[in-house]
Amino acid sequence: MTADLVIPADLLPADGRFGSGPSKIRPEAVDELAAAGRTLLGTSHRQAPVKHLVARIRAGLRELYALPDGYEVVLGNGGSTTFWDIAVSSLIDRRSAHGNFGEFSAKFAAAAKAAPYLQEPVVTSAPMGSIALPEPVDGVDLYAWAHNETSTGAIAPVSRIPADGLTVIDGTSAAGGVPVDISQTDVYYFAPQKNLGSDGGLWIALLSPAALDRVRRIAASDRWIPPTLSLATAVDNSVKDQTYNTPAVATLLLLANQLDWLNTSGGLAFAGARTSESSKRLYAWAEATEGPTPFVADPALRSPVIGTIDFADDIDAAWLATTLRRNGIVDTDPYRSLGRNQLRIGMFVNVDPDDITALTRCLDYLLERRG
Ligand SMILES: *Cc1c(COP(=O)(O)O)cnc(C)c1O
């Protein structure tokens with residue numbers, strides 16, 4: 001097979017970044033970053049300019065999610081992976097229940113299972129490419145699942161489980177690209193390197209009054225909580241528009257710019273329409289073309305932001321990804337441990353739907369010429 005196929009320039013997308021995170025950052029955000037290069041960057045996070053930046057992010061998220069009264073925007077360092085440990089330390093009282101349908105939802109369940117002071121979590125699993133929601137169980141005080149499983153491209157509904165207990169949703173790859181009713185959640189957490197068009201290393205959580213009460217109660221108990229995993233400490237700092245320890249100011253600035261753009265463009269309705277348009281184009285191509293097939297069989301569960309496309313056995317998807325990369329179209333590889341003959345396409349809100357169309361034309365070009 002020829003790895004050196006050159007795709008004609010007129011077929012190429014305007015921007016070749018289709019990664020599932022880190023993902024495409026808008027040039028306008030990078031321009032604001034450059035403009036702040038001698039003012040905000042390299043200045044103290046305890047002084048007004050950086051605190052104003054944190055305030056701009058908190059207000060931007062409040063607007064984007066139309067946060068109900070009493071909800072707080074809380075943030076800290078470490079990304080969504082750190083937030084699982086924070087939830088285990090600061091949110092689960094005795095026992096959690098998890099919907100497990102991919103690598104990310106499984107990792108939170110594994111973190112809860114490993115905590116010596118918690119009971120064995122209840123885990124409801126589904127095959128990869130489908131979804132599983134936790135079931136109501138007596139004695140469970142926290143229900144968790146992912147809004148969008150980035151490893152498989154399956155999207156789940158977000159509405160409360162009819163039971164006592166906090167509803168804690170991993171919104172990492174959905175946040176900023178898929179509408180959600182935050183009143184159906186107690187904690188909606190994410191990191192900004194996906195739809196939110198920034199860099200990694202930060203976690204953000206939208207906390208309900210019930211979640212804030214839980215955080216206070218566990219913080220006052222005799223459980224030992226390392227300070228970096230204390231959600232109570234993060235709340236105390238966030239309401240003062242700061243983080244417990246030093247944040248990456250550049251990440252904050254890119255995030256603030258993206259939130260301004262989303263809010264002035266029409267908010268989550270705009271974002272949802274744009275990602276739906278991109279994904280409609282990708283899945284329609286995969287269904288109409290010989291060789292590719294959407295991995296998620298049920299159209300209702302197909303993610304608008306992460307498209308997973310299987311290929312027939314006689315087509316080498318790894319060759320497609322490598323050849324695309326040589327042509328400047330990057331990060332279309334499948335999630336490592338899924339181990340499928342697949343491409344995974346990030347269709348976050350920053351991706352232009354016309355670039356998804358261009359990508360399908362490039363794939364047609366390669367499929368016709370694979371040797
Ligand atoms: C990317 C992702 C994570 C991990 O985020 P980090 O910031 O790398 O820790 C967790 N959950 C989901 C659903 C993700 O898409």
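Where does Pro22 lie? It sits in the segment before H1, and that is a handy place to start looking around. Keep in mind that this is a predicted model.

## The start of the chain

Before you reach H1, pause at Pro22, which lies in the segment ahead of that helix. The peptide bond that joins Gly21 and Pro22 is cis, with omega at about -5°.

## Two helices that cross

Next, look at helix H1, residues 27-35, and helix H7, residues 249-265. They pack with their axes 9 Å apart, at an angle of about 135°. H1 and H7 are therefore oblique to each other. The crossing in which H1 passes H7 is right-handed.

Who makes the contact? On the H1 side you'll find Glu28, Ala29, Val30, Glu32 and Leu33; on the H7 side, Ala250, Leu253, Leu254 and Asn257. Sort the residues of this H1 and H7 contact by character and you get six nonpolar, one polar and two charged.

## The open sheet

Now for the sheet. Seven strands form it, and it is an open one. Read across, the order is S1-S9-S8-S7-S4-S2-S3, and the pairing is mixed. At the edges are strand S1 (72-77) and strand S3 (122-125), each of which pairs on one side only. On average, neighbouring strands of this sheet are turned by 20° against each other, direction ignored.

What holds such strands side by side? Strands of a sheet pair through backbone hydrogen bonds, and they can do so parallel or antiparallel. You can find both arrangements here. Strand S2 (residues 96-100) and strand S4 (residues 142-146) run parallel, with three bridges joining them. To spot one of these pairings, go to Ser96, whose bridge partner in S4 is Leu142.

## A closer look at S9

Strand S9 (202-207) deserves a visit of its own. How many of its six residues are buried? Six of the six are, so S9 counts as mostly covered. Both faces of S9 are covered: Leu202, Ile204 and Leu206 are buried on one side, while Trp203, Ala205 and Leu207 are buried on the other.

S9 also has antiparallel pairings. Six bridges join it to S1, and those two strands run antiparallel; in this pairing, Val74 has Ala205 of S9 as its bridge partner. S8 and S9 pair in the antiparallel sense too, over four bridges. Here Phe190 stands opposite Ile204 in S9.

## Helices on the sheet

Which strands does helix H2 lie across? H2 (residues 48-64) lies across S1, strand S8 (187-190) and S9, running at about 130° to S1. Helix H6, residues 231-238, packs on the sheet as well. H6 touches S1 and S9, and its direction makes about 110° with that of S1.

## Two residues with positive phi

Finally, two loop residues are worth a glance. Ala66 lies in the loop between H2 and S1. Its phi is positive, about 40°, although Ala66 is not a glycine. Is Ala66 buried or exposed? At 61% relative accessibility, Ala66 counts as exposed.

The other is Asp331, found in the loop between helix H9 (317-326) and strand S12 (342-346). Asp331 has a phi near 65°, again a positive value in a residue other than glycine. With a relative accessible area of 33%, Asp331 is partly exposed.

Methods. Residues are numbered from 1 along each chain as its sequence is written. This is a predicted model: local features need pLDDT of at least 70, side-chain atom pairs count only at pLDDT 80 or more; totals for chains, interfaces and linings use all residues. Side-chain values use heavy atoms; hydrogens and water are left out. Axes are lines fitted to C-alpha atoms, for helices over the stretch in contact, and angles run from 0 to 180 degrees between N-to-C directions. Angles under 35 degrees count as roughly parallel, over 145 as roughly antiparallel, 65 to 115 as roughly perpendicular and the rest as oblique. A crossing is left-handed if the near helix is turned anticlockwise from the far one by less than a right angle, and right-handed if clockwise. Contact means heavy atoms within 4.5 Å. Ala, Val, Leu, Ile, Met, Phe, Trp, Tyr, Cys and Pro count as nonpolar, Asp, Glu, Lys and Arg as charged, and the others, Gly among them, as polar. Two strands pair if DSSP finds at least two bridges between them. Buried means under 20% relative accessible area, exposed over 50%, partly exposed in between (1.4 Å probe, protein chains only).
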